[in-house]
Amino acid sequence: MPYVATTKVTGGKLLRVKCEVENGASVNVLSSVSITVDFFMHPEDGVTELERALMGASSEAAIGEYVSRLNDVIVPGGFELIGFGASDIAQTLWNALHP
């Protein structure tokens with residue numbers, strides 16, 4: 001079953017996160033993640049890296065863990081997110097998982 005949430009972030013950007021969860025050995029984990037947003041990001045194909053960073057995370061993780069996973073990709077990758085940030089993605093993901 002897909003989990004979906006949409007958030008209007010500061011500045012009016014619409015951010016949507018869609019994910020699926022599968023049963024892991026001891027915890028349910030994110031098996032797929034899709035991030036769509038009315039955004040500017042450089043490089044533009046970096047969104048794929050953000051999605052990959054979240055896959056395998058626990059569906060019960062705290063927002064801070066999702067932010068950490070995203071920043072582990074954003075900082076070394078030199079990604080520039082304009083109009084939204086890692087915390088916006090993490091909060092929207094958490095909202096999808098906890099309606």
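The following exercises, with worked solutions, concern a predicted model.

**Exercise 1.** Determine how strand 2 and strand 3 are arranged relative to each other.

*Solution.* Begin with the connection: a hairpin of four residues leads from strand 2 to strand 3. Next, consider the pairing, which is antiparallel and comprises nine bridges. As a particular case, Cys19 has Val33 of strand 3 as its bridge partner.

**Exercise 2.** Identify which elements supply the largest nonpolar core, and which residues touch the most other members.

*Solution.* The core contains 28 residues. At least two of its residues come from each of strand 2 (14–23), strand 3 (28–37), helix 1 (46–54), helix 2 (63–77) and helix 3 (86–97). The members that touch the most others are Leu30, Ile35, Leu50, Leu54, Tyr66, Ile89 and Leu93. Take Leu54 as an example: beyond its neighbours within four places in sequence, Leu54 contacts Leu30, Val33, Ile35, Tyr66, Arg69, Leu70, Ile89 and Leu93. As a general background, nonpolar side chains in soluble globular proteins tend to be buried together.

**Exercise 3.** Compare the expected span of helix 3 with the distance between its end C-alpha atoms, and establish where its buried residues lie around the axis.

*Solution.* First, the twelve residues of helix 3, at 1.5 Å a residue, should span 16 Å; the end C-alpha atoms lie 17 Å apart, which agrees. Second, the buried residues of helix 3 are Ala86, Ile89, Ala90, Thr92, Leu93, Ala96 and Leu97. Because they cover an arc of only 165 degrees around the axis, they are on the same side of helix 3. Finally, the elements covering these buried residues include strand 1 (3–8), strand 2, strand 3, helix 1, helix 2 and strand 5 (80–82).

Terms used. Residues are numbered from 1 along each chain as its sequence is written. This is a predicted model: local features need pLDDT of at least 70, side-chain atom pairs count only at pLDDT 80 or more; totals for chains, interfaces and linings use all residues. Side-chain values use heavy atoms; hydrogens and water are left out. A nonpolar core is a set of buried Ala, Val, Leu, Ile, Met, Phe, Trp, Tyr and Cys residues joined through side-chain atoms within 4.5 Å. Buried means under 20% relative accessible area, exposed over 50%, partly exposed in between (1.4 Å probe, protein chains only). Contact means heavy atoms within 4.5 Å. Two strands pair if DSSP finds at least two bridges between them. The expected span of a helix is 1.5 Å times one less than its number of residues. The arc is that of the directions from the helix axis to the C-beta atoms.
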